[in-house]
Amino acid sequence: MTLVQALALPAVKLRYLAQITGSVLLQGWVLHSGAAYKTHCAHTIESVIFNASTALTARASIAAVIAAAGWFQDTDGTVYVRADTGQNLFADTFRGRCRFYFSKGDAVTVDNRYYESRLDSVPALSLRIEPRFSGVSQVGTGNCSLINNDGFFDELDELHWETAQFFLGADTATTTMAFADYEEFGVWKIEDTRASVSSFEMSLVEPKAALSTKIPLSTFNRTDYPNIADVNVGKVIPRLYGVVYAVPATCVDASAKRFKIADHALYEITEARILSNNVWTAVPFASKDEANAEFTLGAAWANNESVCVDVIGRKRSGDGLPMYNASEIVEDLLAYIGEANLNSAAFDAAFDALDVGAFVGGIRRTSFKPSLYIGQSVQAREIISKINNVAGSFLFINASGQWHYEVFEPKVIGAVDKTFTDEDIVGGPIQTTVDTSEMFSSVNVKYGERYAESWTQNVEASLPENQFIANAASELIKETTVPLFDTNDATHYAQRILTTEGRPLKRYRFAVTWAGFLLQPGDQIKVDYDIRGISEIMEVLEARHDLDQNRIQLICGDRRGWRDSFGFWVSDATSAWNPAATDAEKRTADQTAGYHHGDDDLAVSTDSKSFKNSRHW
Amino acid sequence: MRIYYPNLADAYSAISASSAVSTLPVTNVTHFHKSRVWRTGTSVADEYITIDLGSSQAATAAIIFAHTLTAGDSAIQLRKSTDNFAANDVLVGTFTWSSGPMLLTFTSTSSRYWRIKFTKASAGVSRDIGRIFLGTYTTFTGLPDWDGFSSSPIDLSQTQVSEGGQDYTNQRSQYRDIRLDASGVSTAQAADIKTFTETVGAHTPFFLQADENATDESGEVFYVRLKKLPARDTDGMVETTLGWQIKLEAKEQL
């Protein structure tokens with residue numbers, strides 16, 4: 001029986017397992033024999049880690065460690081290590097990584113591993129995405145309490161706690177699930193711990209907190225640029241994606257008239273301008289070096305004028321073409337901050353969602369191409385939030401601890417991730433909240449920002465009905481500057497946010513049984529809640545596992561304000577809109593197919609219930 | 001009523017096994033939780049646990065508890081040795097296989113090295129044992145009262161009800177609360193019970209039979225921990241001596 005099948009049962013033995021990882025510094029090395037050293041460790045370790053993450057080879061005996069680089073722990077706790085080439089036991093950091101196996105509820109032995117029933121309370125493990133594309137990246141949190149009456153954790157106070165990884169399995173009266181069929185449902189970074197006489201509390205945070213890293217990482221220094229002006233030493237070296245206009249260039253050698261633009265190779269340095277008599281004037285390059293993001297100017301630059309350039313930024317690693325697709329840019333930024341554990345399938349799907357597919361001079365047509373100039377030290381989350389804003393995407397850490405990037409795309413009823421009815425909803429009725437505080441009816445989208453020249457292009461769009469829904473006496477205007485460079489993208493963006501962000505923000509809050517345990521943010525679910533007359537496909541914005549109550553609390557959105565009004569390409573055989581159908585049948589038809597509209601935005605001109613029921617996303 | 005304590009195996013000086021899965025070592029049989037098992041390897045048919053008590057000590061009983069030995073397994077034995085089974089290897093007794101607890105009682109005998117040994121139906125299978133008892137027992141003749149045995153099952157399952165009224169149940173383990181009421185307890189028995197409860201307290205599990213001669217539930221070998229230390233109340237005179245009333249309340253250990 002698969003986990004999915006087991007979770008569909010109304011009576012099941014749920015297995016909540018946690019693997020808690022900590023590490024202890026291995027120090028105080030004394031020579032054992034040959035190149036092998038030893039030190040004492042009070043804990044059973046599963047691996048020895050060199051510096052950040054390089055695992056040493058585990059050996060089966062002390063003799064094996066003496067013979068070759070690796071590690072071994074004897075039964076008395078002594079750890080023997082022979083460092084590998086380039087490693088120094090005294091100058092580098094070596095950590096012994098320990099892992100502890102716990103369960104909530106019944107103790108269980110799976111995969112030849114005993115999971116001690118020490119998890120006392122796990123009230124909330126929350127994974128989230130933003131209800132608005134423009135929202136700041138939210139970081140999920142959680143907490144759990146472990147039994148410590150016997151002082152188990154008091155003995156571990158020298159450990160540095162690292163991660164808590166949760167697994168879900170389910171046995172039945174007649175079947176026992178193999179560990180291979182268990183599913184991970186969360187990897188958390190342990191933020192802090194608190195030990196008391198009876199319990200050991202852990203505060204957990206999504207590894208997404210890594211987005212707090214400030215970028216760019218490199219700065220101008222005199223070692224690399226001996227002739228740089230004092231005023232520029234210590235400033236960050238920018239990163240650039242897409243077409244970026246009027247990027248300030250930093251002079252790194254005034255006598256050579258050499259300037260640097262970015263800390264990576266560029267696809268193209270298009271034009272240089274200098275500020276002369278308060279007017280930006282194009283000047284010729286003396287030379288251009290896209291590989292090093294540098295150029296030199298000729299006689300047109302006297303020695304002190306400000307200089308800016310138009311560029312096409314970072315290149316794709318394979319074909320060397322411009323990196324325009326938001327999925328690739330997010331992946332590149334994550335790699336830049338050292339995050340490489342990606343859900344590749346999700347990133348590929350996001351790439352495809354933004355990729356129109358045709359070629360222009362070898363460059364793929366792409367929707368919502370970001371234009372990013374990262375010229376000030378800023379948290380990576382802010383940059384990725386900007387990308388999510390324009391690309392209609394979201395980023396989170398999935399249940400396996402991988403980065404999951406997804407571009408929102410509506411799903412038809414047959415493709416939703418899960419369907420719930422009254423029979424599945426527990427803990428009280430669905431609560432609905434509507435937030436009208438940030439509605440707007442007209443938007444002025446500024447794009448193609450000229451950073452040094454301090455001006456932007458702009459497009460405007462309006463949707464008057466938003467004003468009247470908000471009962472406002474005058475237009476509700478939103479002005480926003482977005483990291484886009486393409487007018488078509490900006491126009492598309494302006495029209496879209498009037499429907500996704502300018503409308504009331506509607507959210508549904510409810511809990512379902514373990515049948516929903518494998519849901520993650522971004523999933524779309526069908527909810528038929530007859531008690532309140534709700535029948536709608538919703539987007540999961542937050543999935544909060546409550547292992548104490550054996551349920552998952554969901555906060556869902558109305559699919560970015562569009563609810564079930566999306567249109568879908570369908571085959572010719574699909575039935576036309578039937579005005580005589582019942583309301584329930586029409587709701588299903590809304591969630592299933594697409595219909596041609598007339599100028600009146602009706603699929604059938606005599607049926608008002610067919611109004612705007614097949615909009616193009 | 002028969003109480004098996006103290007468990008000499010738990011206070012071992014050294015313990016080893018013929019084989020073990022590295023993550024489920026033989027020391028697990030001395031852990032209080034019966035669910036934490038020793039798991040044999042799958043390369044040899046003859047398996048054993050050797051317990052070194054550090055010095056020669058007397059025992060009268062052994063229990064193999066929470067195990068997966070099958071009817072196809074054979075030669076399930078308790079053996080003892082004076083030289084850690086180098087040359088001296090004496091059979092103390094043979095267990096009768098049961099899917100439940102396997103109990104062996106015998107005339108008091110002493111040794112430093114003890115071994116529980118069995119032959120698996122085949123080398124390629126593994127067997128689990130959750131708990132081993134090796135020690136002495138005390139029989140309390142006439143206890144508990146005829147109507148003094150109570151077994152109350154507790155189900156830890158959690159049920160929630162959906163908005164539609166349907167039940168969802170997370171099935172959990174069951175255990176039993178065992179209660180033994182004894183009246184007319186002699187002063188000598190009361191003293192033995194006092195010694196026993198002071199030893200195990202409300203913290204250390206032990207093995208118990210309400211009626212060692214019964215074949216119903218009251219004759220079962222229970223693995224329990226006292227829920228609280230029992231009061232010792234005088235209970236009038238039993239013939240010419242003072243009688244005592246003692247109620248033991250214990251929780252089955254999982």
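In this predicted model, strand E1 of chain A, which covers residues 11–25, pairs with strand E11 of chain B in the parallel sense, and two bridges hold the record of that pairing. One position at which the two strands can be followed is Ala11(A), which stands opposite Thr169(B) in E11(B).

This pairing belongs to the wider meeting of the two chains, in which 21 residues of chain B are in contact with 23 residues of chain A. On the side of chain B that touches chain A, strand E10 (158–161) and strand E11 (167–170) each supply at least two residues, and E11(B), the strand already met as the partner of E1 of chain A, gives the most, with four residues. Sorted by character, the residues on this side of chain B divide into 12 polar, five charged and four nonpolar.

Turning to chain A, the reader can find an open sheet of four strands, whose order is E18-E19-E23-E22 and whose pairing is antiparallel. Its edge strands are E18 (250–253) and E22 (285–289) of chain A, each of which pairs on one side only, and from one strand to the next the twist averages 30°.

Within this sheet, strand E19 (residues 258–260) and strand E23 (residues 294–297) of chain A run antiparallel and are joined by three bridges. A place to look for this pairing is Phe259(A), whose bridge partner in E23(A) is Phe295(A). The model thus offers two strand pairings to compare by eye, the parallel one between E1 of chain A and E11(B) and the antiparallel one between E19 and E23 of chain A.

Definitions and conventions:
Residues numbered from 1 in each chain as written. Chains lettered and ligands numbered in written order. Predicted model: local features only at pLDDT ≥ 70, side-chain atom pairs only at ≥ 80, totals over all residues. Contact = placed C-beta atoms within 7 Å. Nonpolar A, V, L, I, M, F, W, Y, C, P; charged D, E, K, R; others polar. Pairing = 2+ DSSP bridges. Axes fitted to C-alpha atoms, helices over the stretch in contact; angles between N-to-C directions.
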